[in-house]
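Visitor: Please take one part of this model and go through it closely. I would like to see how that part sits among its surroundings, and then how the whole chain looks.

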Amino acid sequence: MDKTESILPIALRLGINSRHEPLIFLRSDSPVARSEGFETMSRVQVEVNNKKVIATLLIVYSDLIQSGYAGLSETAWKRLKITEGQRIKLSHAPQVDSLAYIRAKAFGHELNKHQLHEIVRDIVDGHYMDVHLAAFITACANNNMTHEEVLYLTQGMVAAGETLSWPGDKIVDKHCVGGLPGNRTSPIIVSILAAKGLTIPKTSSRAITSPAGTADVMETMTKVDLTFEQLKQVVEQHHGCLAWGGSVSLSPADDILISVEKALDIDFEGQLIASILSKKIAAGSKYVLIDIPVGPTAKLRSKEKAQELAEQLKAIGDEMGLKVKVVLTDGSQPVGYGIGPALEAWDVIGVLKNENSAPQDLKERSVLLAGELLEHAGIVKAGEGIPEALRVIESGEAWDKFMQICEAQGGFKEPPVGCCKMNVNADKTGYIRRINNRLLSRLAKLAGAPADHASGVYMEAKVGDFITEGSTLLTIHSEAPGELEYALDFYNTHKEMIIIEEGL
């Protein structure tokens with residue numbers, strides 16, 4: 001071992017989850033840190049096995065790491081494919097030229113195709129810290145992207161990942177722009193369409209700003225982190241899947257951006273369009289239906305704004321060779337009874353099993369959207385989609401297909417039930433006039449959703465229902481007594497989330 005090699009630190013796996021951002025930890029007295037002039041938050045290139053990653057450095061002053069070692073987060077360890085005891089080479093990270101494009105965007109400049117594609121590539125290659133990603137997201141927010149920029153961003157996100165292809169041309173998909181608690185139509189729609197023989201490779205995100213995403217809900221019933229090959233096999237066998245998009249490399253930049261959007265509580269329009277369409281194109285879809293709920297406390301609050309978004313989605317889709325149909329739906333209140341992964345899963349099961357106690361609004365919305373997609377893909381004539389979708393549910397074909405997909409993805413399991421719950425009762429008699437989606441979502445998150453799968457809110461009443469003083473409005477579910485109390489305190493200080501008025 002020569003002198004240079006002797007100062008190379010030995011890699012140490014710390015088992016730290018840093019999401020997508022690779023981290024490296026060095027002692028303050030590390031010879032390599034001192035010789036290279038590294039400081040906390042330096043960007044460091046880590047090299048081993050002819051592989052390189054750029055990691056963010058954190059300096060350690062405790063005995064967490066011994067002298068001569070370098071600790072690595074799970075993301076860094078897995079990307080480098082290190083084995084215990086290997087020495088790693090550290091150097092200053094090369095300059096990331098695309099950061100200049102983010103600065104330009106922050107100052108109001110329009111970005112071209114090359115610039116946006118470079119940004120996307122550097123995102124996927126792990127060249128950005130979270131602070132850089134936050135700067136990009138913020139610079140593009142507030143409708144600050146032109147049509148061309150959104151198109152280039154979409155193209156770049158598709159090009160940066162894997163793509164799927166399927167035989168035939170009836171490859172369909174569905175997406176909801178979000179913002180409506182409990183709107184868990186995807187598992188039902190996938191089951192209906194797959195039962196009809198259409199190919200629907202459905203990949204979904206985890207929650208961004210909501211108490212549950214489709215992937216979170218499905219994870220309470222089956223495995224969702226499929227590999228690329230596993231996803232293909234499930235779809236080839238059963239015509240559909242219900243997988244987490246983050247486990248396969250379809251538009252990988254999207255999942256990285258989503259994780260930072262979640263921390264910022266921002267979901268900007270240009271990224272929303274690129275996110276939706278890039279994943280559908282990468283999944284090999286040809287016909288896509290997009291659900292845009294509209295309501296005072298939904299993501300889209302006016303019909304005019306929703307129609308503007310619909311036109312952009314259709315225009316970008318058309319330029320990318322995707323046939324997009326948009327349906328504006330009622331976003332005035334939550335859909336179904338449950339808000340939270342397991343509670344929403346029980347709603348899905350109830351609808352698919354034709355249980356009398358199942359939420360009818362969830363069933364009707366799922367049938368509407370599935371019917372629209374059947375017509376959009378030319379499987380049935382205009383006006384025949386809804387009756388056919390309803391028939392597939394009520395015949396039991398959709399439930400059978402759902403179970404087949406779950407079994408193929410790793411087996412079906414019943415969703416969990418929280419250990420703690422508390423009823424919230426009406427303090428007056430009257431009609432429910434308004435429900436605030438945003439406050440209800442926050443209530444469910446304070447109860448522990450989506451991290452605690454069994455936590456959330458179960459709605460006992462809907463807008464228009466007559467309710468008497470002392471009867472139950474909703475039930476808060478939690479896996480921890482402390483979170484239950486915290487959520488109840490929030491409700492008591494925000495009772496405007498459910499408005500009750502006397503009279504008709």
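**Helix H11 and its setting**

Guide: The buried residues of H11 pack against four helices and a strand: H5 (113-124), H6 (130-140), H7 (147-159) and H12 (269-282), together with strand E9 (240-244). The model is predicted. H11 itself covers residues 252-264, 13 residues in total, and its first and last C-alpha atoms are 19 Å apart, close to the 18 Å expected at 1.5 Å a residue.

Most of this helix is covered, with 10 of its 13 residues buried. The buried set begins with Pro252, Ala253, Asp254 and Asp255, continues through Ile256, Leu257, Ile258, Ser259 and Val260, and ends at Glu261. Acidic side chains are thus listed beside aliphatic ones, among them Asp254, Asp255 and Glu261. Just after the helix, Asp265 adopts a positive phi of about 60°.

As for the whole chain, 19 helices and 18 strands are present. The radius of gyration is 25 Å, against 23 Å from the globule rule for 504 residues, so the chain is as compact as a globular protein of that length. The C-alpha trace spans about 85 × 55 × 50 Å along its principal axes. Buried residues account for 54% of the 504. Of the contacts between residues at least 6 apart in sequence, 78% link residues at least 24 apart. The exposed area is about 21100 Å², with 48% supplied by carbon and sulfur atoms. Charged side chains number 52 positive and 65 negative, and the centres of these two sets are 3 Å apart.

Terms used: Residues are numbered from 1 along each chain as its sequence is written. This is a predicted model: local features need pLDDT of at least 70, side-chain atom pairs count only at pLDDT 80 or more; totals for chains, interfaces and linings use all residues. Side-chain values use heavy atoms; hydrogens and water are left out. Helices (H or I, at least four residues) and strands (E, at least two) are DSSP runs, numbered from the N terminus. The expected span of a helix is 1.5 Å times one less than its number of residues. Buried means under 20% relative accessible area, exposed over 50%, partly exposed in between (1.4 Å probe, protein chains only). Contact means heavy atoms within 4.5 Å. The radius of gyration is taken over C-alpha atoms; the globule rule is 2.2 Å times the number of residues to the power 0.38. Accessible areas come from the Shrake-Rupley method with a 1.4 Å probe; for residues, only the protein chains shown count as cover. The place of a charge is taken as NZ of Lys, CZ of Arg, CG of Asp or CD of Glu.
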